[in-house]
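Thanks for sharing this one. Here are my notes for when you open the files; I start with the overall fold and then turn to the interior.

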Amino acid sequence: MQNKNMLRRTAIAAGLLMAAGLAAPAFAADNYPSKAITMVVGYPAGGSTDLIGRLVADGLSKKLGQPVVVENLGGAGGVIGAQKVAKAPADGYTIMVGANNELAIAKLINKAVKYNIGDFTPIGLVGSQPMVLVASHKAGVKNAAEFVSLVSKNPDKFSYGSSGVGTALHLAGELIKEQGKLHMTHVPYKGVAPLTTDLVGSNIEFGMFVLSSGLPQIKAGKVVALGTTEAKRSAMTPDIPALSELPQFKNVDINSWFAMMAPKGLPAPIAAKLKHALDEVMASPEFRKKMEEAGSVVADPKVDAGKYINAEIAKYAKIVQFAKIEN
C-alpha cells in the first residue's frame with residue numbers, strides 16, 4: 001500500500017512537472033522580454049552591418065521596453081558572431097543582425113563553418129543595397145559597354161579587386177564575369193580601404209564596392225562608376241546605370257542584404273513579438289531616413305526572410321560552383 005501511494009505521488013509530481021514544462025514557453029512569451037537582449041553583430045564597430053545593427057537595436061529598445069545591447073564580435077567575416085548566435089539558447093535574449101556573407105555564403109565556401117541557415121530562426125529582412133562595379137582612370141573606360149569591349153578583347157589581361165575571398169563583392173564580380181563571358185583575375189584585399197587605395201592610385205583596373213562605400217570616391221571623381229548590380233537602378237544613384245541594362249548582364253541581380261535572426265527553435269510567440277517590433281521600427285520615417293543615409297533601402301516587411309535567404313543561397317551556390325571559390 002505504501003509503495004502504491006509513493007507511485008501515485010510520483011506520478012502526480014511528474015504530471016505537474018510536465019504541465020509546468022508545457023506552460024513555460026507561453027508564460028515566457030507573455031512576459032518577454034523581461035530583461036536586456038543581446039544583439040550580436042559579427043563585425044567591428046563602424047562598418048555597415050554594425051551601423052544597421054545599432055539602428056535596429058535602438059528602435060527595438062523603444063518598442064520592447066528593454067535595453068537591446070549590441071555586442072560586436074568581429075572575426076572571420078561575421079562567422080564567429082553567427083556561430084555564437086547559432087549555439088545560444090532559443091529564448092529571445094540573444095539575437096543578431098547579420099549580412100549575406102556569414103548567413104548565406106560562408107558555408108558554401110568554407111567547410112570549417114559549423115552552422116548552416118537551418119540553425120537560425122529568421123525574424124525578418126532589414127534592408128539591402130546594391131554593389132557597384134568601378135574602374136580606375138588607368139582602365140580608360142567610361143561605361144559598362146566600354147568595359148565589356150576592353151576586357152573581351154584582352155582576356156586575362158585585367159584584374160578586379162574585392163574586399164576578400166567569398167565576400168558578396170567577390171561573388172558579384174564572378175557573376176559579372178560569368179554573365180559577360182569575361183576572363184579577368186580576382187584580387188582579394190583585406191578590406192575596402194586597401195582596395196580603394198589601389199584603385200585611386202591606378203594600381204588595379206577594376207573593383208567592386210558596396211554602393212555606400214564606393215559613392216564618396218565616385219562623387220569625388222577618383223574612380224569611374226560603370227554600373228550597379230541590382231536589376232534596376234538604385235534610387236540613391238539614378239544617374240548610375242544598372243549593369244542589367246546591357247544585354248550581356250540582363251541576369252545580374254545581386255546585392256548586399258541584412259537580416260535579423262535568432263537561434264533555431266525560438267518559440268513562435270517570441271518570434272512574432274520580435275517580428276512585430278522590427279516591422280514597427282522599419283516603418284519609422286526616422287529609421288528609413290537613417291538607413292538611406294547609410295546607403296541602404298528598407299526591406300519590404302511582407303517578404304518571408306527564410307524563403308528569401310534560401311533563394312539567395314541557391315543563387316550563390318551557382319556562382320561558387322562556376323568560380324570554384326574556396327576559402
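1. The secondary structure of the protein chain amounts to 11 helices and 10 strands. Please keep in mind that this is a predicted model.

2. On overall dimensions, the C-alpha trace spans about 95 × 40 × 30 Å along its principal axes. The chain has 327 residues, and 48% of them are buried.

3. For the contacts, I looked at pairs in the chain with a separation of 6 or more: 77% of these join residues 24 or more positions apart.

4. The accessible surface of the protein chain is about 15500 Å². Carbon and sulfur atoms hold 57% of that area.

5. Now to the interior. How many cavities of 30 Å³ or more does a search of the whole structure find? The search returns one. The volume of the largest cavity is about 40 Å³.

6. Which residues line the largest cavity? You can select Leu133, Phe147, Tyr160, Gly173, Ile176, Lys177, Met184 and Met208 to display the lining. By class, six of the lining residues are nonpolar, one is polar and one is charged. Because Gly counts as polar and Lys as charged, Gly173 and Lys177 are the lining residues in those two classes.

7. Which helix gives the most to the lining of the largest cavity? That is helix H6, which covers residues 168-180 and supplies three residues. Gly173, Ile176 and Lys177 are the lining residues that fall in this range.

Note on methods: Residues are numbered from 1 along each chain as its sequence is written. This is a predicted model: local features need pLDDT of at least 70, side-chain atom pairs count only at pLDDT 80 or more; totals for chains, interfaces and linings use all residues. Side-chain values use heavy atoms; hydrogens and water are left out. On a 1 Å grid over the protein atoms alone, a cavity is a set of points where a 1.4 Å probe fits but cannot get out, and a pocket is an open set with protein on both sides within 12 Å along at least five of seven lines; lining residues have an atom within 4 Å of a point. Grid points are joined across faces, edges and corners, and a volume is the space filled by probe spheres set on the points. Helices (H or I, at least four residues) and strands (E, at least two) are DSSP runs, numbered from the N terminus. Buried means under 20% relative accessible area, exposed over 50%, partly exposed in between (1.4 Å probe, protein chains only). Contact means heavy atoms within 4.5 Å. Accessible areas come from the Shrake-Rupley method with a 1.4 Å probe; for residues, only the protein chains shown count as cover.
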